[in-house]
Amino acid sequence: MVILNNDRKIILTALKNGYHLTEEALKILRTSEDPIGTLNTVIDYVRKMDPYRMVLDAELIGSVVQQTRKLQEYTPVREEEPPTYAYPEVQVIQHYPEDVMIEGHLEEFYRYFHSRYMKLRKILEDRGIKFIPLSEIIKMKKDQDAPAAVMVLDRRDTEKALLLKCEDPSASATVLVPKKTGDVLAKAEMVLVDCVVGMRLRKVNDTILVQDIIQPDVPINQKRPSSGPDMYVCLISDVHIGSKNFRKDLFESFLDWINRSRDGEVKRIGCIVLCGDLVDGVGVYPGQEKELEVISVNEQFSIAAKILTEVPKHIELVYLPGNHEPVRKALPQPPVPEVYKKILENERKLKFVGNPAKILIGDRLLHLYHGQSLDDLIQMLPSVSYSTLRENIGNVLEAMLHVRHLAPCYGQNTPILPLDSDPLVIEDVPDILCTGHVHVAGVKSYKGVLLINSGCWQEQTSFQQSAGLNPTVGTAVLVNLADMSAKLKFFS
Ligand SMILES: [Fe+2]
């Protein structure tokens with residue numbers, strides 16, 4: 001019993017630090033004089049030397065234990081502080097500029113999901129796990145076990161077990177998580193359909209039991225907090241110009257703050273991100289015309305253009321579409337069409353990107369995504385609802401990082417274009433993941449990644465009222481790129 005408690009302490013210490021322990025690694029630590037001390041030494045070593053690793057195996061633990069003396073003498077090389085400079089260029093790293101077309105064939109969907117599977121499998125393999133095909137797991141002898149990378153197609157709850165229908169390119173199989181296995185069941189309950197996870201599977205008679213589950217997740221961000229540019233970025237979204245509920249008065253307070261604040265941090269804003277739904281659009285949902293003050297999209301963009309002239313010229317404005325912009329609804333969305341770009345640029349220059357998009361400012365990588373799939377995640381995740389979103393928005397964004405995908409659940413409320421390469425897999429870990437869409441502001445840090453939803457500038461709509469969603473109206477998030485601190489600003 002004492003040994004079991006010690007094991008639990010070791011496993012929990014690893015998990016709290018973001019690492020997964022193999023059974024063999026646990027065996028080595030168990031025999032160590034100071035298991036937790038040894039584990040902490042290994043974790044320190046891995047963070048410095050192999051930051052993308054998430055699995056601690058026996059080989060690593062053995063090698064670090066042998067090098068303990070060297071490790072104690074190890075002094076990290078301190079790099080020189082970068083020179084201070086202001087307003088580096090905002091570089092667009094990736095977005096989807098062309099309105100790509102699909103034929104609508106079944107093969108396109110097959111290729112899309114295969115791409116999703118392979119990208120997420122690679123993320124798992126980069127942690128040092130060697131997976132074997134599901135077809136070989138099915139043929140395993142009794143009591144053998146092995147790891148597999150699978151896409152979860154369906155989940156079914158029974159009295160005694162959770163059944164997960166899984167697939168890889170070689171085969172499909174239903175695997176079973178007994179309800180008496182507390183830790184594994186807890187992990188299984190966080191697994192979303194259409195996501196790819198690593199599983200350690202054991203053959204017991206004709207049944208395949210799940211012994212462990214590893215999410216793709218993100219490694220701890222190792223960038224030095226002070227390595228970013230001496231500049232602030234301001235994140236806003238969901239302005240909804242044209243809606244009767246647009247709070248022009250609050251947006252004017254925001255513009256006044258940008259222009260007239262004597263605050264040093266406001267003077268160092270070099271970029272504002274408009275993270276979708278700048279305008280309310282037309283015909284976005286049935287009966288929208290009753291909630292529109294401006295019933296022409298062109299006119300909505302003309303008003304937006306005039307409002308945005310008040311943003312100081314030295315500030316780069318990055319604009320991506322949301323579900324209210326007049327562009328294709330399926331992800332990835334292209335930037336707004338030329339006709340609207342021209343209206344906006346009559347008054348002021350903007351940087352137009354698609355949705356999602358990646359931008360680089362100095363060495364800070366920002367993933368910008370309007371966030372259409374947040375609606376799906378709110379429905380799928382346990383303990384999250386629209387009425388509790390103010391407390392939970394950070395947890396919903398964190399779930400995207402767990403599964404390394406911006407729109408994990410296919411076929412719900414988020415249309416996805418089945419491209420040959422899935423653009424929604426979070427392949428490179430951002431410093432900031434910025435979203436909007438649900439109109440609730442929140443900031444959270446997860447493993448060194450800043451998760452931000454920037455709120456809105458539109459009063460509660462009738463739909464939000466019926467869903468119990470209480471928006472945070474008149475909010476912006478100010479991020480210091482030098483030290484990655486973030487502040488939520490409220491305007492009245
Ligand atoms: Fe919106």
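The paragraphs below lead from an iron site to the nonpolar cores of this predicted model. Residues are numbered from 1 along each chain as its sequence is written, and side-chain values use heavy atoms, with hydrogens and water left out. Local features need pLDDT of at least 70 and side-chain atom pairs count only at pLDDT 80 or more, while totals for chains, interfaces and linings use all residues.

The iron ion has as its protein donors Asp238 (OD), His240 (NE2), Asp277 (OD) and His439 (NE2), which lie 2.0 to 2.3 Å from it; donors are N, O and S atoms within 2.8 Å of the metal (3.2 Å for Na, K and Ca), and since water is not among the atoms, sites may look incomplete. Along the chain, the donors of the iron ion follow the spacing D-x1-H-x36-D-x161-H. Both Asp238 and Asp277 are buried, a term that means under 20% relative accessible area (1.4 Å probe, protein chains only).

Turning to the interior, the largest nonpolar core has 47 residues, and those with the most contacts inside it are Leu389, Val396, Met400 and Leu401; such a core is a set of buried Ala, Val, Leu, Ile, Met, Phe, Trp, Tyr and Cys residues joined through side-chain atoms within 4.5 Å. Because domain 2 (134-214) and domain 3 (225-490) both give residues to this core, it lies between them, with domain bounds that come from an automatic or database domain assignment. Val396 touches Leu374, Leu377, Ile378, Leu381, Val384 and Leu389, not counting residues up to four places away in sequence, where contact means heavy atoms within 4.5 Å. Apart from this core lies another, of 41 residues, among them Tyr232, Ile241, Leu478 and Phe491.

Conventions
Buried means under 20% relative accessible area, exposed over 50%, partly exposed in between (1.4 Å probe, protein chains only).
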